Amino acid sequence: MSWFLAFAGFAALIILHEFGHFIAAKWTGMRVERFFLFFPPKLWSIRRGETEYGIGAIPLGGFVKITGMNPDEVEPRDAAAPPREAGLLEKVESVDQDPGEGVSRPGEPLPPGLRERAYYNQPVWKRIVVIGAGPAMNVLIAFLIFFFLAFGINEVTGPGLRIAELTSESPARGQLHEDDRIVSIDGRSLESVNGDERADRFRELIGSHTCAGEPASGCEATTPVRVVVERDGGTIPLEITPRYDTEAGQALLGVRFEPTDVSPANPSIAEAADFSVDQMWTITSQTASVIARIFDAEQRKEISGVVGSYEATRQAINFDAWAAFFLLGAISLSLAIVNLFPFLPLDGGHIFWSIVEKVRGRRVSFRTMERAGAVGFVLILALAYIGLSNDIGRLTGEGIDIQR
């Protein structure tokens with residue numbers, strides 16, 4: 001079931017993104033020829049009015065085909081000029097399109113009756129509204145998801161801390177049990193510190209135990225951690241030797257702590273909105289930071305592709321609904337950010353060239369935009385390759401860790 005729910009979540013994000021373009025195009029009076037989930041060849045379609053609605057066979061996104069998205073389409077064709085070469089996107093969006101009156105053909109100029117409502121015959125502000133509506137829809141989705149999730153969060157009200165989970169390779173297996181209440185670590189109880197901060201301090205104490213010489217993955221610390229837990233009404237002292245984890249950069253016991261003293265936060269509407277904005281700002285800054293440092297080997301490891309995002313969503317669904325929706329909100333916002341990069345075929349590329357046209361006072365040829373868009377195309381391919389490589393590494397190696 002988690003596979004289907006993750007797929008449905010991704011499909012919903014795509015549909016809503018494209019619906020933003022669709023509704024804005026209709027509102028501004030543009031002519032929408034196709035509205036598809038996924039790319040052709042088509043599996044199913046139905047025509048309502050001037051628009052064909054359908055589902056494609058290639059699950060790499062979706063599209064809204066608006067008449068006249070190529071500026072060369074809206075210019076009358078010189079009979080002596082050679083036929084215009086259709087762009088790749090033009091060809092893809094026209095595959096299997098139902099023939100009929102008012103359907104634009106790749107590489108051919110638009111019939112006079114279609115030019116008035118063509119995309120490139122509209123004012124620049126209308127074009128920017130239509131293109132920006134897709135990312136705006138993703139931002140709105142993220143805000144609403146985080147806003148409603150705020151009413152389900154808890155706040156830590158005391159210092160209590162328990163063992164919530166042990167990893168499969170935890171050195172504490174056989175000694176620590178899930179639901180053990182932590183009394184102290186290395187003689188430190190930290191009773192005046194609340195649960196979340198207390199967990200961080202305990203991790204620091206565990207990390208102070210080091211391996212002999214240069215640390216290597218899985219090496220055992222030279223000294224054990226002294227742990228006292230409360231179990232079945234009594235206290236039990238234990239000594240457990242932690243192992244070094246290269247990803248964490250310290251020795252670990254392989255356990256996940258969780259506060260025991262929590263209560264519903266019950267935020268006001270304003271506080272829920274603040275929570276949503278805070279989450280969006282954090283995700284935006286992290287996404288921009290990772291992409292900005294794409295040439296840094298460590299930062300590249302943080303990039304994830306469609307496969308990894310899908311698998312992370314599936315695991316989050318298995319974890320709980322809160323984590324699943326939070327991840328979908330984060331993905332939705334990240335899609336908006338990446339889509340606003342000023343390179344074709346991204347939405348930001350269309351906005352950028354509309355602004356250029358407005359500034360220079362005349363239309364930019366599609367050939368010029370395509371040449372400049374080669375930079376964006378290379379960037380997209382690089383991000384896709386890095387993301388897929390990281391995804392394969394995670395799925396075949398340590399997996400993807402989803403924690404709340």
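**View 1. Ile269 and its place in helix 6.** In this predicted model, Ile269 belongs to helix 6, which covers residues 269-292. Is Ile269 buried or exposed? Its relative accessible area is 62%, so Ile269 counts as exposed, the cut-off being over 50%. Ile269 also takes part in a nonpolar surface patch of about 510 Å², together with Leu140, Leu144, Phe148 and Phe151. Helix 4 gives the most to this patch, with 3 residues.

**View 2. Helix 4 from end to end.** Here we follow helix 4, residues 124-149. How far apart should the ends of its 26 residues be? At 1.5 Å a residue, the expected span is 38 Å, and the end C-alpha atoms are 37 Å apart, which agrees. Look along the helix for Ala133, where there is a kink of about 40°. The proline Pro135 follows shortly after this kink.

**View 3. Strand 4 beside strand 10.** Strand 4 runs through residues 161-166, and 5 of its 6 residues are buried, so the strand is mostly covered. Its partner here is strand 10, residues 255-259, and the two pair in the antiparallel sense over 5 bridges. To find your bearings, start at Leu161, which stands opposite Pro259 of strand 10.

**View 4. Two salt bridges between strand 4 and strand 10.** Let us stay with these strands and turn to their side chains. Glu258 and Arg162 meet in a salt bridge, with 2.6 Å from N to O. Glu258 sits in strand 10 and Arg162 in strand 4, 96 residues apart, and this pair links distant parts of the chain. The relative accessibility of Glu258 is 27%, so this residue counts as partly exposed. Arg256 and Glu165 form a salt bridge too, their closest N and O atoms lying 3.2 Å apart. Again distant parts of the chain are linked: Arg256 is in strand 10 and Glu165 in strand 4, 91 residues apart. Arg256 is buried at 12% relative accessibility, whereas Glu165 is partly exposed at 37%.

**View 5. Arg231 meets Asp180.** In this close-up the side chains of Arg231 and Asp180 form a salt bridge, 2.7 Å from N to O. Arg231 is part of strand 6 (residues 225-231) and Asp180 is in the loop between strand 4 and strand 5 (181-185), so the pair ties together parts 51 residues apart in sequence. Both Arg231 and Asp180 are buried.

**View 6. A network of charged side chains.** Salt bridges link Lys26, Arg31, Glu33, Glu50, Lys65 and Arg117 into a network. How many salt bridges does the model have? The count comes to 14.

Methods: Residues are numbered from 1 along each chain as its sequence is written. This is a predicted model: local features need pLDDT of at least 70, side-chain atom pairs count only at pLDDT 80 or more; totals for chains, interfaces and linings use all residues. Side-chain values use heavy atoms; hydrogens and water are left out. Buried means under 20% relative accessible area, exposed over 50%, partly exposed in between (1.4 Å probe, protein chains only). Helices (H or I, at least four residues) and strands (E, at least two) are DSSP runs, numbered from the N terminus. Two strands pair if DSSP finds at least two bridges between them. Patches are made of residues with over 30% relative accessible area and no salt bridge: like charges are joined within 9 Å, nonpolar side chains (Val, Leu, Ile, Met, Phe, Trp, Tyr) within 5 Å. Accessible areas come from the Shrake-Rupley method with a 1.4 Å probe; for residues, only the protein chains shown count as cover. A salt bridge is a side-chain nitrogen of Lys or Arg within 4 Å of a carboxyl oxygen of Asp or Glu. The expected span of a helix is 1.5 Å times one less than its number of residues. The bend at a residue is the angle between axes fitted to the seven residues ending there and the seven starting there.
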